[in-house]
Amino acid sequence: PVLLVDEPTKGLAPLLVTEVAAALERAAELTTVLLVEQNLAVVARVAQQVVVLDMGRVVHVGPAAELLGDHEKVRSLLGVAGGSH
């Protein structure tokens, strides 16, 4: 089984984002979760592997921690500062 989740935190209050992320973490312990998410903190909590798409093309595949730990790569691929702050 696979759980498909598309932007579950979009538009939510910060407390709800935390609760949704915790629920996704629990789900990921039981099954494969395919998560589409722009909130990098949620990605950091849930993802083991990431695939970054740009205009429908795969531009990066690899371990989530590796990407999120490389602030320059996050900026260049996603156009945002950061990593998993």
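This is a short tour of the structure, stop by stop, with something to select at each one.

**Before you start**

You are looking at a predicted model, in which local features need pLDDT of at least 70 and side-chain atom pairs count only at pLDDT 80 or more, while totals for chains, interfaces and linings use all residues. Residues are numbered from 1 along each chain as its sequence is written, and side-chain values use heavy atoms, with hydrogens and water left out.

**Stop 1: the whole chain**

Select the protein chain and switch to a cartoon view. There are four helices and four strands; here helices (H or I, at least four residues) and strands (E, at least two) are DSSP runs numbered from the N terminus. Follow the chain from the N terminus and you will pass the elements in the order β-α-β-α-β-β-α-α.

Now zoom out. Along the principal axes, the C-alpha atoms fill a box of roughly 30 × 30 × 20 Å. The radius of gyration is 13 Å, which agrees with the value near 12 Å for a compact globule of 85 residues. That radius is taken over C-alpha atoms, and the globule rule is 2.2 Å times the number of residues to the power 0.38.

Next, try a surface view. The accessible surface of the protein chain comes to about 5,800 Å², computed by the Shrake-Rupley method with a 1.4 Å probe; for residues, only the protein chains shown count as cover. Carbon and sulfur atoms hold 57% of this surface. Of the 85 residues, 26% are buried. For residues, buried means under 20% relative accessible area, exposed over 50%, and partly exposed in between (1.4 Å probe, protein chains only).

If you like contact maps, here is a number for yours: among contacts with a separation of 6 or more, 41% are between residues 24 or more positions apart. A contact means heavy atoms within 4.5 Å.

**Stop 2: Thr9**

Select Thr9, in the loop between strand 1 (2-6) and helix 1 (14-30). Thr9 is buried, with a relative accessible area of 6%. To see what surrounds Thr9, add Val17, Val20, Glu37, Asn39 and Val42, which it touches when residues up to four places away in sequence are not counted.

**Stop 3: Glu7 and Lys10**

Stay in this part of the chain and select Glu7, found in the loop between strand 1 and helix 1. Check its backbone: Glu7 has a positive phi of about 50° although it is not a glycine. Then show the side chain of Lys10, which meets that of Glu7 in a salt bridge (4.0 Å, N to O). The term stands for a side-chain nitrogen of Lys or Arg within 4 Å of a carboxyl oxygen of Asp or Glu. Lys10 is exposed at 64% relative accessible area, whereas Glu7 is partly exposed at 24%.

**Stop 4: the other salt bridges**

A search of the whole structure finds three salt bridges. Side chains of opposite charge can pair when their charged atoms come close.

Select Arg45 and Glu25, whose closest N and O atoms are 2.5 Å apart in a salt bridge. This pair links distant parts of the chain, with Arg45 in helix 2 (residues 40-46) and Glu25 in helix 1, 20 residues apart. Arg45 counts as partly exposed at 35% relative accessibility, and Glu25 as partly exposed at 28%.

Then move to Arg75 and Glu72, whose side chains meet in a salt bridge (2.4 Å, N to O). Both lie in helix 4 (residues 71-78), three residues apart, about one turn of the helix. Arg75 is partly exposed at 43%, and Glu72 is partly exposed at 48%.

**Stop 5: Leu53 and Met55**

Select Leu53 in strand 3 (residues 49-54). Buried or exposed, would you say, for Leu53? At 56% relative accessibility, Leu53 counts as exposed. Leaving out residues up to four places away in sequence, Leu53 touches Val58 and Val59. For a distance to try in your viewer, pick the C-alpha atoms of Leu53 and Leu35: they are 13 Å apart in space, with the two positions 18 residues apart in sequence numbering.

Finish at Met55, in the loop between strand 3 and strand 4 (57-63). Met55 has a positive phi of about 55° although it is not a glycine, and it is exposed, with a relative accessible area of 78%.
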